[in-house]
Amino acid sequence: MFRAMTDTIADIRIPLDHLPADGRFGSGPSKVRVEAVRALAETGTTYMGTSHRQATVKDMVARARSGLSQLLGLPDGYEVLLGNGGATAFWDVAGFRLVREHSHHAVFGEFSSKFAQAMEDAPQIRQASTVDAEPGSHPRMTAVDGADVYALTQNETSTGVCMPVARPAGADPDALVLVDATSAAGGMTVDPVEFDAYYLSPQKALASDGGLWLAACSPRALARIDELAARWAPASLDLLIARDNSVKNQTYNTPALATIFLLVQQVEWLLDQGGLAWAESRCRESSGALYTWADAHELASPFVADPAMRSPTVVTIDLDASVDATQVSAVLRANGVVDTDSYRKLGRNQIRIATFPAVTPDDARQLTACLDYVMGLLAG
Ligand SMILES: *Cc1c(COP(=O)(O)O)cnc(C)c1O
């Protein structure tokens with residue numbers, strides 16, 4: 001039995017047979033498969049440290065673009081564009097060449113609120129309106145007068161809430177639907193007819209590293225870029241320049257070559273396994289193990305009350321006040337099971353666990369055994 005007087009929590013040793021094979025459960029940067037890192041190392045002298053303007057790297061960018069397009073089942077006329085700066089930079093990018101003057105945002109957590117704030121602050125945008133929901137749920141997106149962009153977040157990484165990707169009924173037929181898919185893309189199915197830009201950073205559901213944004217753009221989004229071409233934009237955030245480079249498998253300035261390589265590894269692996277439907281069912285198996293565990297545990301409960309809004313890729317679990325979630329995460333970390341901490345700004349007694357496709361369902365089940373063990377010792 002754990003004795004608070006003589007032991008410190010850092011001394012708790014989880015029995016080896018409880019531990020997952022891979023202890024990375026962070027929501028981003030997230031687990032990169034060891035096979036992908038090995039494949040990168042095996043390129044030796046032939047890839048890293050070579051020019052991004054030559055065929056070796058351009059071919060890798062082409063594989064990333066065509067692989068993503070295949071994974072998402074993009075219809076003819078859609079293009080996968082990319083540039084530097086991650087999803088955060090894409091919000092600013094969108095503000096110059098996708099939003100005419102009024103964006104409307106579903107806001108239900110940290111990331112969805114940041115895009116709304118960026119448009120609120122942008123002097124070239126007349127109005128950024130929002131429909132809000134308390135963290136732990138999502139709002140219903142309906143059409144509003146004059147909106148030329150609707151901003152959805154398929155999976156709010158900060159709270160573990162997912163929302164359907166659908167064009168709001170009654171929206172202006174010319175309005176664009178932009179979807180932040182950073183922690184969903186590759187782990188949740190989606191119908192491309194419902195979006196105009198499906199954008200992401202690759203260090204979350206797609207198990208690569210940070211630094212890039214990628215966006216699957218519909219013909220309507222591509223036309224909007226031309227329509228707004230006369231507006232001033234900084235070159236590094238200019239979607240017109242990004243598009244011209246992307247279709248040539250280039251970026252405007254130097255990209256992270258390792259990020260592109262690891263992304264290709266993951267996208268091609270997902271395609272080999274059976275594509276998005278396979279990936280989503282794997283994520284549902286892993287997340288389901290955790291939700292079922294939390295439902296059954298007297299000191300734990302899923303944070304997201306409505307099962308339909310529970311994310312298959314980011315699981316948030318509230319703990320009873322008698323167990324300190326910070327301590328639980330600290331003990332797990334000391335045992336090599338890392339990044340189960342809740343989103344810092346949410347301020348709840350909570351753990352947050354990514355069940356992206358790279359995480360194995362077996363490891364998710366092992367994690368429940370670790371949680372049982374640690375909470376059994378810490379509850380007091
Ligand atoms: C992490 C995250 C972002 C920000 O990604 P960066 O690569 O840090 O810019 C945006 N949206 C969602 C949903 C995220 O999870």
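This report describes the ligand site and the two largest pockets of a predicted model.

The ligand is surrounded by Gly86, Ala87, Thr88, Trp91, Phe111, Asn155, Thr157, Asp180, Thr182, Ser201, Gln203 and Lys204, a shell that divides by class into 3 nonpolar, 7 polar and 2 charged residues. Helix α3, which spans residues 86-97, gives the most to this shell, with 4 residues. Polar contacts of the ligand include the following.

| Residue | Protein atom | Ligand atom | Distance |
|---|---|---|---|
| Asp180 | polar side-chain atom | nitrogen | 2.6 Å |
| Gln203 | polar side-chain atom | oxygen | 2.9 Å |
| Ala87 | polar backbone atom | oxygen | 3.4 Å |

The ligand on its own has 380 Å² of accessible area, of which the protein covers 87%.

The space that the ligand takes is the largest pocket, and the volume of this pocket is about 180 Å³. It is lined by 18 residues, and those closest to its centre are Ala87, Thr88, Ser201, Gln203 and Lys204. As with the shell, α3 gives the most to the lining of the largest pocket, with 4 residues, and by class this lining has 4 nonpolar, 12 polar and 2 charged residues.

The second largest pocket has a volume of about 150 Å³, and its lining is made up of His138, Pro139, Arg140, Met141, Leu152, Met163, Pro164, Ala166 and Pro168. By class, the lining of the second largest pocket has 7 nonpolar, 1 polar and 1 charged residues, whereas the lining of the largest pocket has 4 nonpolar, 12 polar and 2 charged residues.

Methods: Residues numbered from 1 in each chain as written. Predicted model: local features only at pLDDT ≥ 70, side-chain atom pairs only at ≥ 80, totals over all residues. Heavy atoms only, no water. Near = heavy atom within 4 Å. Polar contact = N/O pair within 3.5 Å; in protein donor to acceptor, adjacent residues only side chain to side chain. Areas by Shrake-Rupley, 256 points an atom, 1.4 Å probe, with all protein chains shown as cover. 1 Å grid on protein atoms, 1.4 Å probe; cavity = no way out; pocket = protein on both sides within 12 Å on 5 of 7 lines; lining within 4 Å. Sits in = over half its atoms within 2 Å of the grid points. Helix = DSSP H or I, 4+ residues; strand = E, 2+ residues; numbered from the N terminus. Nonpolar A, V, L, I, M, F, W, Y, C, P; charged D, E, K, R; others polar. Points joined across faces, edges and corners; volume = space filled by probe spheres on them.
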